[in-house]
Structure formats: C-alpha cells, structure tokens
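These are my notebook entries on a set of look-ups in one structure. I took up single residues, helix pairs and nonpolar cores in turn.

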Amino acid sequence: MPDPIYLDYNATTPVDARVAAAIEPWLREHFGNPSSGHVFGRRAREAVERAREQVAALIGARPDEIVFTASGSESNNMVIQGCARGARPDRVHLVCSAIEHPAVLEPCLAMEEEGHRLSVVKVDGRGRVAPEAVEAALTEDTRLVSVMHANNEVGTIQPIAAIARLAHARGALCHTDAAQSLGKIPVDVGALEVDLLTIAGHKLYAPKGIGALYIRRGVELARLIHGAGHEAGRRAGTESVPLIVGLGEACRLAAGHLDAGEARRLETLRERLWQGLRPAGDLLRHGAAEQSLPNTLSVGFRGIEADRLLEAIAPAVAASAGAACHAAGVSVSWVLHAMGVDAEWARGTLRLTVGRPTTEDEVDRAAEAIVAAVRRLRGSRF
C-alpha cells in the first residue's frame, strides 16, 4: 500500500537529497573535533564556518552573528532565559503574543515564575499581532519583545519591523521565531530590524536536531549551557559538524528556491487545495490569504471532530489537527482560541501544508479524499 500524500510540512520536512549528500562525508570520512588544532580538526572547523556563512547569507546577517544550537526550541530558550537572567534589576518585563509556539511561551512562563513580569498580547481574528497592542504593553522596564515571524498553524505573517521599532524606542530587545517562515518567504534581519532570530533545521529540509540563533552584534545573553568556550563562548558543547553542514546546505538551497519563485508555486498549490475542498461545504478558512505563509491552509469543517477526520483520511492523506506537538489531542487549539474562532469550527480544523515535493496531482487527490471523508462523516450522524 503506498504512503499517504504528505500535507504536514509545517510539522517537519524531509531531508533534501542534496543536504543528505553534503552531510555524508562528515559522517564517514571527516570525523575531527572542530576545536582540535590538527588537520582533522581544522577541516571540521572550516566546514562549520562555511556553514555559518551560508546560514548568515540567507538572512542577511554576518557570520559571527550566527550561533549553532540543537533545535529551534533551544534557540528560543537561549533568547528568553538569556535575556531575562542577564537583565538589569530595572528590566524585568517580557512581552510575547498569545499565539506563540510553546517553545517561546513556556520559557516566558518559566521566567514569570522566577519573578519576571510577563505581558501576553492578544491577536485579531486573522491571527495578527497589532503593533498598537504591543506598544500598549511596553513599559520602561521591558527587556524583551518576542513575536513569531509567521504562525505555524494559520500562517499569518506578523509586522515584525514595526514591532521591533516600538521595542527599540523603549530600550527593549526584539526577537522573532522564524522557524516557519525561513525558506518559504524572504527573511532578512536588517529589514525585520530584529536583534535575535530563531532558525530550526527540520522545517527547512535539513535534519532534526540542528538549529541556529541570530544574535545581533553587541547583544549579550546570559548563557543557557555552561561548559567550554564553543560558539565564541555563547553555547557550550562540541559542534555537530554533520548536522551543521546539513543546515548550511539547506540554507544555500533555500536561497536558490526563493530566487526561482518557489513561494509563488507553493501559494498556487495552496489555493488549488482550497478550491478543491470547497465542495465539502460548510467550511471556514482561518487566517488570511494575504500576508500569510504561501504553503499554509487552515480549514475548519463544521460539525466534525478533527481527530475523526484525520482517522478517516489517514490511508490517503497525512495532515495535522493543529501544531504537530499537540496532535495527540483534539482540544481547541490555543491559536484558534486566541483568534476568537468559535469552538464548533475550531474542533473540526485541519492544518494542511504543502512543500517542495508537493505536486498538483497530489493536491487534487488529497482534496478529493478529504471531501469524500467529510461527506461520509456528516452522513453518518443521521
């Protein structure tokens, strides 16, 4: 039996064959420790620095502003815990949005338990964070504002540059989690005006277990991991050369795909999928078609539980009921709740995301399978 059509690219991406090929020699032939002074170590160090340049080039940063981590979650924790614990006594306030990934929200809540103040900014019905709402939350003791670049569930792209300017006007730092946006749309730290930016490799056709953090020159964070002076003293632990090489190659390839108009192709597939689902009837699209990730479609089907729908389509389509890390439950997504989506729609919501390998034929067949399953499930209620 063939595998189902994969429409869960916001959960994770397959490793690009070219990324795997770039990694392979560093698993078998080149095993040196990048901190070693001999030829084996120097080769490894050169590979790490070449990858650092590739990551920096994709986001318009300088190579020395890139720190390699084990995941996007680690990068987010480095930012939030590092900012909070390294802050002056008169800078104890953190700001984030109501639709942040748990990798941002949970460390913010942990810092609140340690005595820092936390303000959670609401979003509108499209999942957008209004700069005015952030401005209202800012105070003289604000240390950090963290708002994701694009939402992982509904795809809404946030006005990060406007938010960053407001944060800077109050002397605060601005961080954005770009795990979902990188490789799908242009991401430039200068245009976004951020001080800190998170990258997750497995959202970018690189392996799991590798991430990166952009730290603007001059920004200091309290260390999260203590040990030897790896990564310019900012993140202890021997660098994983194969995974870092993979992330560098994935960033190089992403730049090429963006130049070749991949975002437009993904958007065309997304809209084709949406039109293919329309015959199901009684459905609601969450978020907005504009100012949204080109690959992300969040659709609510009235009167249907998402877990039952996922089970019904499982032989034909692999998708998600929300963020992948919450797929085990069918409770209303906190993102849809924050957007004010009625529970009747939210409980029947699928997140459908296309990716680099997705074809028009796959989109058409997936839409047909979902529509058929919706009709069966609705018919079984009577």
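**Entry 1. A loop residue**

Where is the place of Asp 342? I worked throughout on a predicted model. I found Asp 342 in the loop between α12 (334–338) and α13 (343–346). I then looked up its exposure: the relative accessible area of Asp 342 is 45%, so the residue is partly exposed. I also took a distance to Gly 300, which is 42 residues apart from Asp 342 in sequence and 10.0 Å apart in space, C-alpha to C-alpha.

**Entry 2. Two further loop residues**

I located Val 92 in the loop between α3 and β3 (93–97). Val 92 has a relative accessible area of 24% and is therefore partly exposed, buried being under 20%. Its C-alpha lies 5.9 Å from that of Asp 141, although the two are 49 residues apart in sequence. Asp 141 is also in contact with Val 92, as are His 116 and Arg 117, with neighbours within four places in sequence left aside.

I turned next to His 149, in the loop between β5 (142–146) and α6 (160–169). Is His 149 buried or exposed? His 149 counts as buried because its relative accessibility is 4%. I listed its contacts, again without neighbours within four places in sequence; among them are Thr 156, Ile 157, Gln 158 and Ile 160. The list also includes Thr 176, Asp 177, Ala 178 and Ser 181, as well as Ile 185, Pro 186, Val 187 and Leu 192.

**Entry 3. Helices α2 and α9**

I recorded this pair by angle and distance, as is usual: two packed helices are described by the angle between their axes and the distance between the axes. The axes of helix α2 (residues 39–59) and helix α9 (residues 241–259) cross at roughly 30° and come within 8 Å. That angle is why α2 is roughly parallel to α9, the limit being under 35 degrees. The crossing of α2 past α9 is left-handed. On the α2 side I noted Ala 44, Ala 47, Val 48, Ala 51, Gln 54, Val 55 and Leu 58. The α9 residues they meet include Val 241, Ile 244, Val 245, Leu 247, Cys 251 and Leu 258. Sorted by class, this contact of α2 with α9 has 14 nonpolar, two polar and two charged residues.

**Entry 4. Helices α3 and α4**

Helix α3 (residues 72–85) packs against helix α4 (residues 102–113) at an angle of about 25°, with the axes 9 Å apart. The angle makes α3 roughly parallel to α4. Their crossing is right-handed. From α3, the contact takes in Ser 73, Asn 76, Asn 77, Ile 80, Gln 81, Ala 84 and Arg 85; from α4, Ala 103, Val 104, Pro 107, Cys 108 and Met 111. I counted seven nonpolar, four polar and one charged residue in the contact of α3 with α4.

**Entry 5. Helices α10 and α14**

At what angle do α10 and α14 pack? The angle between helix α10 (residues 262–277) and helix α14 (residues 360–379) is about 25°, and their axes are 9 Å apart. Accordingly, α10 is roughly parallel to α14. I noted a right-handed crossing of α10 past α14. Leu 269, Arg 272, Leu 273, Gly 276 and Leu 277 of α10 meet Glu 360, Val 363, Asp 364, Ala 367, Ile 370 and Val 371 of α14. The contact of α10 with α14 comprises seven nonpolar, one polar and three charged residues.

**Entry 6. Nonpolar cores**

In soluble globular proteins, nonpolar side chains tend to be buried together. The largest nonpolar core here has 60 residues, of which Ile 59, Ile 66, Phe 68, Leu 197 and Leu 247 touch the most other members. A second, separate core has 31 residues, including Phe 301, Ile 304, Ala 306 and Val 363. I looked further at Ile 66; not counting residues up to four places away in sequence, Ile 66 touches Arg 52, Val 55, Ala 56, Ile 59, Ala 61, Ala 212, Leu 213, Tyr 214, Glu 231 and Arg 234.

**Entry 7. Positive phi in α8**

Most residues other than glycine have a negative phi. Glu 231, in helix α8 (residues 230–233), has a positive phi of about 50° although it is not a glycine. Ala 232 is found in helix α8 as well, and Ala 232 has a positive phi of about 55°. Glu 231 counts as buried at 5% relative accessibility, whereas Ala 232 counts as exposed at 69%.

Notes: Residues are numbered from 1 along each chain as its sequence is written. This is a predicted model: local features need pLDDT of at least 70, side-chain atom pairs count only at pLDDT 80 or more; totals for chains, interfaces and linings use all residues. Side-chain values use heavy atoms; hydrogens and water are left out. Axes are lines fitted to C-alpha atoms, for helices over the stretch in contact, and angles run from 0 to 180 degrees between N-to-C directions. Helices (H or I, at least four residues) and strands (E, at least two) are DSSP runs, numbered from the N terminus. Angles under 35 degrees count as roughly parallel, over 145 as roughly antiparallel, 65 to 115 as roughly perpendicular and the rest as oblique. A crossing is left-handed if the near helix is turned anticlockwise from the far one by less than a right angle, and right-handed if clockwise. Contact means heavy atoms within 4.5 Å. Ala, Val, Leu, Ile, Met, Phe, Trp, Tyr, Cys and Pro count as nonpolar, Asp, Glu, Lys and Arg as charged, and the others, Gly among them, as polar. A nonpolar core is a set of buried Ala, Val, Leu, Ile, Met, Phe, Trp, Tyr and Cys residues joined through side-chain atoms within 4.5 Å. Buried means under 20% relative accessible area, exposed over 50%, partly exposed in between (1.4 Å probe, protein chains only).
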